[in-house]
Amino acid sequence: GELEFNAALKYNAKAKEKIKYSGNAELYKLKLNIDNLKGDFAAEQVKIDFVNDNVGLNIIGGFFDGNPISGSVEVSNFDNMSISGKINGTAELTMLNRFLPDIGKPELTGQASFNLSGSGRMEDLAQFKVNGNLQIKNGKYTAETLPEPIEFFELSLNIEPKKIVINNLSVKSTSSQFSLKGSLSDPFPYFLPGYEGEAKKPSIDFKLTSKRFDTDKLFPEVVPGSGSNLAEMPIDSLPPLPIPDINGTGTAEIETLIYSDVEFTNIKCDVSIKDRKIFVTNARGNAYTGQVTGKMSMDLSDFENPSYNGEFTGTQIEANDFLSRFTKYGGHLYGKTNMTGGFSASGWDPEPIINSLDMSGKADFKEAKLINFDLIKKMADQLKFKTFDEEIIRDLNSTYHVKNGRIAFDKFNFGSSLGDWVVGGSVGFDGTLDYSGTILLSEKVTKELLSQSGLVSGLAGLLKDKSSNRVKVPFKLSGPFSKPNISLDLSSNDVIKENIGDAIKGLFGK
């Protein structure tokens, strides 16, 4: 470019300020190229004015990488430097790619427009004042470390010295979409680049809305047991924390939320964030044709071993939907259940989560339908009485506990056409059974057994309950669910133990 300047210098050895200078310079048709920075800076004119302890610069008709830019800056008091300036214009986000880490090959695109001003002393960034606004449109972000690319995002901010107002943040990925509005208090100097002093932690107040938010795909690292085994991944390829280290409070309204393959609808909740802990309270919505309420906390302060705690209540939940998702026993039990419970767990991956999972609660059915349940069919076959492909059971309720990889049920009662059941025991996540109980056969089934000849009627007579005059069959279930072992449990029947003992057990086994 072309340079014109005028300068004046005055020296007086006797004066307090021995040297005085002043002047101005003008750059015309300026072009500036910086190695490794995409795009050149150009300006029709740059004006510079200077006097002792003060220099000012004004850009007129500037462009960066073809985008218009203008601004001014003034620096004064060089011994305790103060700076003030403003800048406005547009820019392509691709210029920021050179500052992104190499891991994952991240790529950022979009258009930004800005109008910013700031002032303060360089040695006291905590008091630096920033004002203005920033907009981003048509943003995209891809990286190999992301579960899925961010196909679109836009942002609109108003910036004040003590607050950033988020007019709108909209993000759309392959599976999800959300919008956020709110404000961030005390953003400076916490977010000023290069600031290393103590700073008050920012706090965000927000409202998040979403038509569809698929946590499983967007943030697999915060879904217990999903995604890759993080323990086996190199430390520098692990995904970053899903939130910055700030505090906050807000609300969320999500039309469809996918979490751990469960679809929740019309979810509303309160959210608070403090010291890398996320607390979700007053959560309410729909799942499996019923209603759910609850609260949950997720502690990410120890990123290598996050922990979870929560409580929940489910009302009129369809049992088959629930069982089909979390167990191998779907397709057999249909009916509306009410559930309550609490849980705690820790870890990223399935094994440590299952080993640490501690859950307890209650579940009850007023009426349910049992269809083609092999366990009952096999038991009926061994005891030589008839059963049905479809069975109605009533008033089933129980407390349950999950620990050490097993779901244990306290003794629970329910009624069916076969009779009155009392059952207790546990089932493992590996599918093994350990149950015992009794069935007090109905009068009809009792008559069928007693009318048979030989061993069956004799055994039935020994198992007859004196108070009800009905046969009570004690049983045990063990082994894998696919091939259960069903046996008589005679340990509590003193008459049979004294008179017949193991012989009856052997015959029953045959």
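This tour moves from the whole protein to its aromatic rings.

Begin with the full chain of this predicted model, coloured by secondary structure, where the protein shows eight helices and 26 strands. Switching to a surface display brings up an accessible area of about 28700 Å², of which carbon and sulfur atoms hold 54%. Of the 510 residues in the protein, 37% are buried, and among the contacts with a separation of 6 or more, 47% join residues that lie 24 or more positions apart.

Next, turn to the aromatic side chains, for which a search of the whole structure returns seven pairs. Select Tyr190 and Phe191, whose ring centres are 5.2 Å apart and whose planes stand at 90°; because an angle over 60 degrees counts as edge-to-face, the pair is placed in that class. Tyr190 has a relative accessibility of 29% and therefore counts as partly exposed, and Phe191, at 38%, also counts as partly exposed.

Now select Phe412 and Phe414, an aromatic pair with 6.1 Å from centre to centre and 20° between the planes, which is a stacked arrangement. Phe412 is buried, with a relative accessible area of 11%, and Phe414 is likewise buried at 11%.

Keep that pair selected and add Phe409, Trp421 and Phe475 to the view: which aromatic cluster do these residues form with Phe412 and Phe414? Phe409, Phe412, Phe414, Trp421 and Phe475 belong together in one aromatic cluster, and the stacked rings of Phe412 and Phe414 are one of the pairs to inspect there.

Conventions
Residues are numbered from 1 along each chain as its sequence is written. This is a predicted model: local features need pLDDT of at least 70, side-chain atom pairs count only at pLDDT 80 or more; totals for chains, interfaces and linings use all residues. Side-chain values use heavy atoms; hydrogens and water are left out. Rings of Phe, Tyr and Trp (its six-membered ring) pair if their centres lie within 6.5 Å; planes under 30 degrees apart count as stacked, over 60 as edge-to-face and the rest as tilted. Buried means under 20% relative accessible area, exposed over 50%, partly exposed in between (1.4 Å probe, protein chains only). Helices (H or I, at least four residues) and strands (E, at least two) are DSSP runs, numbered from the N terminus. Contact means heavy atoms within 4.5 Å. Accessible areas come from the Shrake-Rupley method with a 1.4 Å probe; for residues, only the protein chains shown count as cover.
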